[in-house]
Each structure stands twice: as structure tokens, then as C-alpha cells.
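Hi,

Here is the structure I promised to pass on. Have a look at it first, and my notes follow underneath.

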Amino acid sequence: MTLGGLLDGPPAIVAAGVDVFSDALRAQGADVHDVEWRPPHFGDPADLAVLALDRRRAAANRTAVERLLAAGSVLVDVRPAREVLDIGDRMLLHSGPPLLWENASGPMRGALIGACLFEGWASSVEDAEKILASGEVTLDPCHHHRTVGPMAGVTSPSMWMWCLEDPVSGGKAYCNLNEGLGKVLRMGAFNDEVQERLRWMRDVLGPVLSKAVRGSIDAGNDPIDVKGILAQMLQMGDEGHNRNRAGSLMALRELSPSIVAVDAPSSDIAAVLKFAGGNEHFFLNLGMPTAKLALDAARDVPGSTMLTVMSRNGTEFGIQTAGTGDRWFTGPAQTPVGLFLGDYGPEDANPDIGDSAIMETYGVGGFAMAAAPAIVRFVGGTVPDALATTERMYQLTLAENPAMAIPIMGFRGSPTGIDVLKVARTGWLPQINTGMAGRVAGTGQVGAGLVQPPQECFEQALAALAEAARTA
């Protein structure tokens, strides 16, 4: 049919949305076909309306975002967990929301067993399982102690911690030292190789790094600006979660002069430099507490619908918001979809695990995939997928972080400040890129991929925020 003949016959009309248009056309004898379509939101419409009309929301979100963007991060020390955390002699911290031993997944159990062996609380795997099942060892989320840990996130009293501080608010955040890749505790491995590495990190790596960091500051040098490194690495092909090559090298560059000045055997200095230089994720455990500092600064803002935590323990996924404080909203952790190592396949992968989604909560990682198109070779997808993901995340966030500029997008700031209301209105969920741990305890890493939170988390948060708005 030519354009000129478009109206030669009676029109056939397809209508979507409200019925007023369709009813008026039918009254005139038109042939109307209705399409059942509604905007892809979720949650109770009444809750959505309450939040949308909450007079506190705009100002509260502005305050939360301003605090997030203003926060800094400097490295001030490296100390054992027992010295800087409120952690008892028989306590283990873990990633994600609260967890009981009986509900722990394979990799989480493997990491908890490995930590018990490392601390000397158990002499065998069976002994470790027994004391964990009996409740002799207290389990508590890292987030309850201003701490974050990748994957299983298991942190024990003897492990050395990066100690970071926000020079703006004075806030503090912590993370243990990264073990590298392969069979590692954070992936649920606990064999002799893992134990030997953990002991070396306790006896050599931690003390050398501590002397290097403190020695530099005591000599009158400024502490290392970790937020500055994170900003630079986004312009060098990293996204801050699964790709940390540039960030790790920059951190090593900053630390090396002080490391070689440490009064320690030359063999120990060489081993530390070799370990750090060969560990592509060395920086991750500095980037995570940097994000934690920023998001903790945005906590406890009544009326704010911004997320302050996304985290998973291998069984459940949990979120927290600025407007609801320390309250967790949880749902079942999803299994990532991506690429696998060696002969491993989807059946070998455990559901999502780790505090490292703090990077996406901050606006990097999966939110800044456009900054690191090479990441798709590790987690799956294509370069256009990476660009489209970042574009989509702007629709879920409250602001752009000018410190975290993305070159390929004209140095546009990364999408920052996930908004529960925007997530519910669009029906889109935040994108996370992540490593995959083996489902069976002791396996280690089996791949890497992409995953999203369960919708239930946001439905619960939406309801809680709406209830708070009604009673404000």
C-alpha cells in the first residue's frame, strides 16, 4: 500500500495502555485491537505512589549522593584483624547477609573450614565441621564490622587487613589481603597449598606491608590515595571488579619504594614484590573498602531510596538502603551466567557469592563495563553488550560520579547511586560481573560471569521504604 492510499479503507487500530482511547474509537465503529501492556514495574502500586510522592525523597537522595561523591579513601595501615576489628577469639566474618552454618553453601563451608584450620581451632576437616556445626565459632557478616571480603569473604582474627580511612568524614573500612587466583580460601579451597599461602601471608606479607605503609607515613609522606588509583584505572581499561590489572600495578608502584626500604630479609622483600606483581586482583581488596567508605558515608538518611549495600553469601543475596539503616532485604542468590575454566560447566557453579558487589553499588564494576571492553572476554558477552549495560545502568541511578570518568562515553561519570524506586519503576535489575566459585567445598574458582540480584530484595526494600514514608 502506498502512503497516499493509507486511508482508502477503514483503519485497523492497535491500542496499548488506558482504555479511554479504545472505547472512544469503538464508539465510532472503528476496528480496535487492544494489547495488554503495562510499564514493566514491580512492587505494590500503592507503595510506588507513596515513595514517588514522599516530600523527603528528593532532598534525602541529594544528601546521600553528596556524601557518597565527597568521600575519599586513603591507605593508613595494615594490621591483624584482631587489632582493628570487633572480632572475638572464636569469630569468623563472612560475606553477604547473616548466615547459619546449616544454610552455608559449598564454597562458604570450605572457606570457614579452611579458616578454622588456619587459626588452629581444628586439626582436621571433620573437627572443623564439628565445631562450626556446634556453634562454637560465631559467624557474622563482614558488613557488620565496617569490613568487606571478596567471594566467601571469610576473615579470621590472624588475617592482616588493609585499613582505609575517609579523610572527609573520618570513617574507616577494612578488607583482608588478596590471595591471588586459583585454589584460594575465598573460593572455598582449604587444602595444604591454601594453608601454606595463608601462613606466609600472616608471617611475611602482612608484616612487610604494615611496615611499608606505616614507615612511609611516619617519614612524613602522604598516605596512598586509593580513590585516586580507582579513578585512574577506569581510564586504563579496568572496571574495578573483575579487571584490576592497571589498578594493581599502580598500587604496587606506590608501595614498592617503601617495601624495599623495610628492614626484612631480602628473600622476604623479593617474595612480597613477586606475589603482588603476579596477582592481578591485588588492588580489588583496596577498591572494595574504598567503595565501602563512600557508601557508609551515605548511611542513615531518612527518606533516601539509595542502596548502600549489595552483597551475597552463596545462599542469599542481601541489600541495604540509606533510608533503612542496617536492615537487610534478602532473596535467593542467583547463579552467574558466563564463561568457565577448563572442563567446568554450569552444573559446577555455586550461586552468587561475595561482598565485591559493593563495587557495583558504588557505580563501577558491572556498572562501568564500558570502561573495560576487554572484560567481556572473561565474563562473556560482547563489547556492544558492555556499552549497552553501562547505558542501561544510568536509568537506575541518581547521579554520575565525576571522579569515575569513562573515556569511551566522552568521560561521562559512571552511573552512581542505585535508586530502589527507579529499579522498581523500570523493572530492570542492577548488573554485576563476578567470579564463580565451585559448588563443592574445596573446588576453588570455576569461571566468571554476569548476574543480577533477585527481584525479591527490591520488593522488600520498596515496601519497607514506603512504610517508613507513611509513618514519617
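Before the notes on helices, one definition: the expected span of a helix is 1.5 Å times one less than its number of residues. Keep in mind that this is a predicted model.

Let's try that rule on helix 16, which covers residues 455-471. With 17 residues, helix 16 should span 24 Å, and its end C-alpha atoms lie 25 Å apart, so the two agree. Several residues of helix 16 are buried, among them C457, F458, L462 and L465. What covers the buried residues of this helix includes helix 2 (45-53), helix 15 (420-426) and strands 9 (307-313), 10 (316-321) and 11 (329-332).

Now to a sheet. It is open and has four strands in the order 7-6-3-8, paired antiparallel. Strand 7 (172-176) and strand 8 (224-225) are at the edges with a single partner strand each, so one side of each has no neighbour in the sheet. Helix 11 (residues 284-297) packs on this sheet, where it touches strands 3, 6 and 7, and its direction makes about 155 degrees with that of strand 7. Strand 3 (residues 74-80) and strand 6 (residues 160-165) are joined in the antiparallel sense by six bridges.

One residue to click on is P80, which sits in strand 3. Is P80 buried or exposed? P80 is buried: its relative accessible area is 9%, and the cut-off for buried is under 20%. Its bridge partner in strand 6 is W160. Setting aside neighbours within four places in sequence, P80 is in contact with P157, M159, W160 and M161.

Cheers

Technical notes:
Residues are numbered from 1 along each chain as its sequence is written. This is a predicted model: local features need pLDDT of at least 70, side-chain atom pairs count only at pLDDT 80 or more; totals for chains, interfaces and linings use all residues. Side-chain values use heavy atoms; hydrogens and water are left out. Two strands pair if DSSP finds at least two bridges between them. Helices (H or I, at least four residues) and strands (E, at least two) are DSSP runs, numbered from the N terminus. Contact means heavy atoms within 4.5 Å. Axes are lines fitted to C-alpha atoms, for helices over the stretch in contact, and angles run from 0 to 180 degrees between N-to-C directions. Buried means under 20% relative accessible area, exposed over 50%, partly exposed in between (1.4 Å probe, protein chains only).
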